[in-house]
Amino acid sequence: MIFETHAHYDDEKFDEDRVELLSHLLKENNIGKIINVGASFRGCKESLKLAESYDNVYASLGIHPEEIEDFSEENLQWIKANASNPKVVAIGEIGLDYYWIKDEEGRKKQRIWFKKQLELAKEVKLPVIIHSRDAAEDTLNTIVEYNTEDNKGIIHCYSYSKEIALEYVKMGWFIGVGGVVTFKNAKKLVETVQAVPIENIVLETDCPYMAPVPHRGERNTSIYLKYVAEKIAELKNISIEDVERITYENALRIYSKVKER
Ligand code: NI
């Protein structure tokens, strides 16, 4: 069984077959648990609805750095109020994205909301899911400051060097690996997967985006995680079953509110 640690089934690209996927198709294709991750405030509400509708679906609540424009203290309080829901298992995705935002004012605003949401996670005792793009140094510095024995998370869609990945591993954090690892030009991520212990890797799609080869460019679903597991097995020279089992246990360790198998 595979633990899908990062999906966006609230996305409109799933409007046609969301019910079929979540009610049986994913289960029939070896997908055990699914974390649906909020990115916008609307996405958070939708994630919670999905988690409450399907047994094996859980929600992560948080505002993505590209979505903070309309975010407010009131929204933050809503997340806090819902964090105690048994199906809410993480805060995210939160973080820094300097790829599109080049001006210092915009980046500063991202850092403010990033830190506020990290503090909230600490308060409600939930792990975090980090989105970070072109912001390696600021992200690592913020996490080093935030990290404690009880406050860990996943660096989702990991895109930096293996050296930085090992800094996160040293702190007991997890590296999210998805479809990109199957791409021809994925040299950096391949090196990272080789360097990071399998005990610190979790499987994720970020679907509907980032479909692995041989479906690159198509709409992604958790069913395609088998290609990611296959690639990691090849890189680590272990069986696909071991990749699935160990990453499943890893996900249960970080998302500790998801208890049963
Ligand atoms: Ni995502």
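Me: Strands count as paired when DSSP finds at least two bridges between them. In this predicted model, what makes strand S5 (residues 128–133) and strand S6 (residues 153–156) a pair?

Reply: Strands S5 and S6 are joined over 4 bridges, in the parallel sense. The cut-off is at least two, so S5 and S6 qualify as a pair. One place to look is His 131, whose bridge partner in S6 is His 156.

Me: How are the strands of the sheet ordered?

Reply: The open sheet has 8 strands in the order S1-S2-S3-S4-S5-S6-S7-S8, with parallel pairing.

Me: And why are S1 and S8 said to stand at the edges?

Reply: Strand S1 (2–7) and strand S8 (201–203) each have a single partner strand, so one side of each has no neighbour in the sheet. From one strand to the next, the twist averages 30°.

Me: Which strands does helix H2 (residues 41–53) lie across, and how does H2 run relative to S3?

Reply: Helix H2 lies across strand S2 (31–37), strand S3 (57–61) and strand S4 (88–97), at about 160° to S3. Angles over 145 degrees count as roughly antiparallel, so H2 is roughly antiparallel to S3.

Me: Now to the helix pairs. Are helices H3 and H4 roughly parallel or roughly antiparallel, and how do you know?

Reply: Helix H3 (residues 73–82) packs on helix H4 (residues 104–124) at about 25°, with the axes 11 Å apart. The cut-off for roughly parallel is under 35 degrees, so H3 is roughly parallel to H4. The crossing of H3 with H4 is right-handed.

Me: Which residues make that contact, and how do they divide by class?

Reply: From H3 come Glu 73, Leu 76, Ile 79 and Lys 80; they meet Trp 113, Lys 116, Gln 117, Leu 120, Glu 123 and Val 124 of H4. That gives 5 nonpolar, 1 polar and 4 charged residues.

Me: What does the H6 and H7 pair look like?

Reply: Helix H6 (residues 162–170) and helix H7 (residues 187–195) have axes that come within 9 Å and cross at roughly 35°. Lys 162, Ala 165 and Leu 166 of H6 touch Glu 191, Thr 192 and Ala 195 of H7. By class there are 3 nonpolar, 1 polar and 2 charged residues.

Me: Last one: why is Thr 148 called partly exposed?

Reply: Thr 148 has a relative accessible area of 29%. Buried needs under 20% and exposed needs over 50%, so Thr 148 falls in between and is partly exposed. You will find Thr 148 in the loop between helix H5 (136–146) and S6.

Technical notes
Residues numbered from 1 in each chain as written. Predicted model: local features only at pLDDT ≥ 70, side-chain atom pairs only at ≥ 80, totals over all residues. Heavy atoms only, no water. Helix = DSSP H or I, 4+ residues; strand = E, 2+ residues; numbered from the N terminus. Axes fitted to C-alpha atoms, helices over the stretch in contact; angles between N-to-C directions. Contact = heavy atoms within 4.5 Å. Parallel < 35°, antiparallel > 145°, perpendicular 65-115°, else oblique. Left-handed = near helix turned anticlockwise from the far one by under 90°. Nonpolar A, V, L, I, M, F, W, Y, C, P; charged D, E, K, R; others polar. Buried < 20%, exposed > 50% of the residue type's maximum accessible area, 1.4 Å probe, protein only.
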